[in-house]
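Work through the exercises below with the sequence and the structure open. Try each task before reading its solution.

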Amino acid sequence: MVFSLLLAAIIWNLGTWYFGIPASSSHTLIGAIIGVGLTNAIVTDSSVVDALNIPKMISIFMSLILSPAIGFVIAGLMIFVLRRYWSGTKKRRRIHLTPAEREKKDGKRKPPFWTRTALILSAVGVSFSHGANDGQKGIGLIMLVLIGVAPAGFVVNMNSSGYDIARTHDAVVHLQQYYETHKPALNHAIENTPAVTGTDEIGEEFHCDSSRTAIVLSQAQKLLNGVQSYDELSPEQRNHMRRLLMCISDTANAVAKLPETSSQDASLLKKLSNDLLYTVEYAPLWIIISVALALSLGTMFGWKRVAVTIGEKIGKKGMTYAQGVSAQVTAAVSIGVASYTGMPVSTTQVLSSAVAGTMVVDGGGVQSKTIKSIALAWLLTLPVSICLSGGLYWIALMII
């Protein structure tokens, strides 16, 4: 499944890059994941609802759909404000020149010092936000591969200290105490009464829902008791521990969102949830460095095709310095906010729509051919990546 979705994403991303069409790697990855999930559901004759997290899919789709529209509007508003309030003097009007116009009027192709500074800083902001957003995806994918091919060494952080494990154990104990204290108020939401006989033991099919809260908590506490290093647990126990901790965290987050949960209790539950996942949701330093290098090298060697499309082929006229700053600031802020909230968005789509917004507001207009190509890639990315990954996964199953 992992290699099918990765190969599908690579094929589509390389194809759109080769033709210089701005396409979303986020869109591609999400479509590829859906493709292998759907194919797996068909092959195993299971429910699609069980195979895919529908509510999470909807929230991600909304993020991917809304982010380009938000970029278009915000960048358009920025250029409108600059045109209206930053054009009073000859010096200020220089920001609304294209490099060619600047050379013709002043004999200089480079922008003025402060305009150049704004362009550089906003470009740095885009690069940082892009790295933060796409870096999370890259790190997540590599961890997914490692957990899939070598679960014994990566399902939990094997370098966790005794203090880290004790912190996780304490979070489980504190959650048990919280649920017991608030039992009357939470009876309708979770089942906090221990079962007479244990279920969902290691080796059995694992289920995570509110009716098993007490069972999952007791199993996690039992596994963590006295553990100073995850080496003390067998590979099966580590795998089970990961499932238990993620289940407990999901339940805690659900309880935090209940209307009867006070804001103070919600903050406590969020902190306990973070403590629970401290040794589970992690990434080794070498993976972080590898992803950073891959992003920077890919940008260094493959920047030109898409950059030329965004910079020169979206608008009918050349891009002014003000348009460049507006588009870059919009992309940096929008993608930065999305990265902070953990939502995947497309840097390419946000930046492309921001450039289009500045062109429309500034009176230059857009090139319909380029916009049609971008829109077509945007529409085709999901279905193509779903079919590609699903097809590759089915072929892999047939071969194996």
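## Exercise 1: Two threonines

T358 is found in helix 16, which covers residues 347-361. The model is a predicted one.

**Task.** Is T358 buried or exposed? Which backbone oxygen does the side chain of T358 reach?

**Solution.**
- Step 1. Take the relative accessibility of T358, which is 0%.
- Step 2. Compare it with the cut-off: buried means under 20%. T358 therefore counts as buried.
- Step 3. Look for a backbone partner. The side chain of T358 reaches the backbone oxygen of V355, at 2.7 Å.
- Step 4. List the contacts, leaving aside neighbours within four places in sequence. T358 is in contact with A75, G76, I79, Q323, S326 and A327.

**Task.** Now repeat the steps for T330. Which helix holds T330, and which residues does T330 contact beyond its neighbours within four places in sequence?

**Solution.**
- Step 1. Find the element: T330 sits in helix 15, residues 321-341.
- Step 2. Check the accessibility. T330 has a relative accessible area of 2%, so T330 is buried.
- Step 3. Find the polar partner. A polar atom of the T330 side chain lies 2.8 Å from the backbone oxygen of S326.
- Step 4. List the contacts, again without neighbours within four places. They are G71, I74, A75, M78 and A354.
- Step 5. Set the lists side by side. A75 is in contact with T358, and A75 is also in contact with T330.

## Exercise 2: The whole chain

**Task.** How many helices and strands does the protein chain have? What share of its residues counts as buried?

**Solution.**
- Step 1. Count the elements: 17 helices and zero strands.
- Step 2. Take the extent. The C-alpha trace spans about 85 × 55 × 40 Å along its principal axes.
- Step 3. Take the burial. Of the 400 residues, 42% count as buried.
- Step 4. Turn to contacts between residues at least 6 apart in sequence. Of these, 77% join residues at least 24 apart.

## Exercise 3: The nonpolar cores

**Task.** How many residues are in the largest nonpolar core? Which helix gives the most to this core?

**Solution.**
- Step 1. The largest nonpolar core has 40 residues. Those with the most contacts inside it are V172, L175, Y179, Y230, I248 and V255.
- Step 2. Trace the elements that give two or more residues to this core. They are helix 7 (113-149), helix 9 (162-181), helix 11 (213-224), helix 12 (235-256), helix 13 (263-276) and helix 14 (285-313).
- Step 3. Pick out the main contributor: helix 12 gives the most, with eight residues.
- Step 4. Separate the other core. Apart from the largest core lies another, of 18 residues, among them A338, A354, A356 and I374.
- Step 5. Return to L175. Not counting residues up to four places away in sequence, L175 touches L217, I248, A252, L269, L272 and L276.

## Exercise 4: A helix pair

**Task.** At what angle do the axes of helix 1 and helix 7 cross? Which residues meet?

**Solution.**
- Step 1. Locate helix 1 at residues 2-18. Its axis and that of helix 7 come within 10 Å and cross at roughly 150 degrees.
- Step 2. Apply the cut-off: angles over 145 degrees count as roughly antiparallel. Helix 1 and helix 7 are therefore roughly antiparallel to each other.
- Step 3. Name the residues. V2, F3, L5 and L6 in helix 1 meet L141, L144, V145 and V149 in helix 7.
- Step 4. Sort them by class. This contact has eight nonpolar, no polar and no charged residues.

## Exercise 5: Sequence and space

**Task.** How many residues apart in sequence are V156 and Y278? What separates the C-alpha atoms of M300 and A189?

**Solution.**
- Step 1. Place V156 in the loop between helix 8 (151-154) and helix 9. At 1% relative accessibility, V156 counts as buried.
- Step 2. V156 and Y278 are 122 residues apart in sequence, and 9.4 Å apart from C-alpha to C-alpha.
- Step 3. Place M300 in helix 14. M300 is exposed, with a relative accessible area of 53%.
- Step 4. M300 and A189 are 111 residues apart along the chain, and their C-alpha atoms are separated by 52 Å.

Technical notes
Residues are numbered from 1 along each chain as its sequence is written. This is a predicted model: local features need pLDDT of at least 70, side-chain atom pairs count only at pLDDT 80 or more; totals for chains, interfaces and linings use all residues. Side-chain values use heavy atoms; hydrogens and water are left out. Helices (H or I, at least four residues) and strands (E, at least two) are DSSP runs, numbered from the N terminus. Buried means under 20% relative accessible area, exposed over 50%, partly exposed in between (1.4 Å probe, protein chains only). A polar contact is a pair of N or O atoms within 3.5 Å; within protein, one must be able to donate a hydrogen and the other to accept it, and residues adjacent in sequence count only if both atoms are side-chain atoms. Contact means heavy atoms within 4.5 Å. A nonpolar core is a set of buried Ala, Val, Leu, Ile, Met, Phe, Trp, Tyr and Cys residues joined through side-chain atoms within 4.5 Å. Axes are lines fitted to C-alpha atoms, for helices over the stretch in contact, and angles run from 0 to 180 degrees between N-to-C directions. Angles under 35 degrees count as roughly parallel, over 145 as roughly antiparallel, 65 to 115 as roughly perpendicular and the rest as oblique. Ala, Val, Leu, Ile, Met, Phe, Trp, Tyr, Cys and Pro count as nonpolar, Asp, Glu, Lys and Arg as charged, and the others, Gly among them, as polar.
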